[in-house]
Amino acid sequence: MNFSEVFKLSGLLCKFSPNGKYLASCVQYRLVVRDVHTLQIVQLYTCLDQIQHAEWSADSLFILCAMYKRGLVQLRITVWSLCTKSVSYIKYPKACQQGISFTRDGRYMALAERRDCRDHVSVFVCSDWQLLRHFDTDTQDLAGLEWAPNGCVLAVWDSCLEYKILLYSLDGRLLSTYCAYEWSLGIKSVDWSPSSQFLAIGSYDGKVRILNHVTWKMITEFGHLATINNPKIVVYKEAEKSSRLALGYNSFPQLRAIGTLPSAESKYEIASMPVSLQILKPVADRANPKIGVGTMAFSSDNYFLATKNDNVPNAVWIWDVQKMRLFVVLEQLSPVRSFQWDPQQPRLAICTGSSKVYLWSPAGCVSVQVPGEGEQQGFSTRAQGRRRVILTVHPQHLWASRLFPVHVTSPPPIVAGMGEEVAPSDGRQRWGCASPLAHPCTQVIWGYIHLVTLTFNLMTTCLSPGDFQVLSLCWHLNGDSIALLSKDHFCLCFLETEGVRTTFGQLGDHT
């Protein structure tokens, strides 16, 4: 990864444009638009008040900025046409968690409404905002709705007090109703697969239920058990690096001279079965208890589903969708704040509010220390250096790790296992993987690997690892960079993808 310098940010408002050419960020009342490749400012706008929400138009030509503090309460939706300058009004919108949903092609909009103490859904044609369909829903308190990616089916679900999800066609016909249980807290999250073949429903009982697109019946359910004892499941546990491994940084005098040696870095270790995950006991007398599956996301190729059970806050569960089974569990040292899939390949980025970003792929997983925040004081130079990391790979997944190119530089030598040199210091590129460590289920690759290489720019003044706390992240459309967002700053990570996508293309053999 190449890390950009750090830029100011407010409210975690930083978004790539849909065409991938621009990056918009908000700093108090200013909107800054940068070129993605050069990060130079191309537009700077000033608003009347602090920006609290920003959204790109689908064609990347316009940016909407919302200043809620200056808003007025009105029980209607107003639609402004930026082409004809006409204005349309839609009455009776319902204030709920997810009350508006557009189809991927932008042709239709579904809106949740509340009329005469009953829930309704209206479907509008976005070209002229004419009403296409209007129908009532059999819900007590509609909580959200979402179109399938193909725009053919609309999912509507009830509040958490009643487990009910309804599926409607574009013309308003009720296709199916699903209810898993009664008299308990129900649906907490819903997510469609990119192919529209599966609908994942996360529940307060700690399970994910998968519905198929043919019969709309449940085909399987995924439980999030606190103890894992299946040897076919790989559990990666984050652990702090030992001081012995940190001694390798003595070979980088240019980093040591500017005071940028990492502190409290971590790596992944493969846990031995059985594994007991850390459980958070919910507070019974408070609203919105931290239980149930609150976050889910399918990978772009439909191969994997990542989930988070809120009462196991430090773990991310990755499920094999083809074989409908648990594939990998990642247990972090801190509670997981956010995760997001690479739009181009099965690669998951995770952040926990620490100064690290974590990447998982079928080839293994890695913990990456993010350079700290800093300000230039007068004229300052940059020091570039390569940073060694540990890529942890389970033997089941070595089909992928064998194809990563190992770049050998001198000094230092490439080290694998218990200090064994596995490559000469002639600066040439070699293909292969390292020998196992003492743990029979662990293989660690030392070297400059395309997935985990960290060629980063370090400001020579006021930089200290641990300052940049990653609270959220978002991928670029091409999957070649990630925007890392902290409370007051953001930076970009540019990933080296050469030689990786060929490996990820062989997912038929990933087990």
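Is Cys117 buried or exposed? Cys117 is exposed, with a relative accessible area of 70%, where exposed means over 50%, buried under 20% and partly exposed in between (1.4 Å probe, protein chains only). The structure is a predicted model, in which local features need pLDDT of at least 70, side-chain atom pairs count only at pLDDT 80 or more, and totals for chains, interfaces and linings use all residues. Residues are numbered from 1 along each chain as its sequence is written, and side-chain values use heavy atoms, with hydrogens and water left out.

The structure holds 0 disulfides, a disulfide being a pair of cysteine sulfur atoms within 2.5 Å. Cys474 counts as buried, at 13% relative accessibility. Its closest cysteine sulfur, in Cys14, lies 5.4 Å from the sulfur of Cys474 and is therefore too far for a bond.

The largest nonpolar core (buried Ala, Val, Leu, Ile, Met, Phe, Trp, Tyr and Cys residues joined through side-chain atoms within 4.5 Å) has 22 residues. Those with the most contacts inside this core are Val208, Leu277, Leu305, Trp317 and Val329. Two or more residues each come from strands E20 (198–203), E21 (207–212), E27 (293–298), E29 (315–320) and E30 (325–331); strands (E, at least two residues) are DSSP runs numbered from the N terminus. Apart from this core lies another, of 20 residues, including Tyr268, Ile270, Ala297 and Phe327. Leu305 touches, among others, Ala200, Phe222, Met296 and Trp319 (heavy atoms within 4.5 Å), not counting residues up to four places away in sequence.

Leu82 is found in the loop between strand E9 (76–80) and strand E10 (87–91). This leucine is exposed, with a relative accessible area of 55%.

How values were computed. Helices (H or I, at least four residues) and strands (E, at least two) are DSSP runs, numbered from the N terminus.
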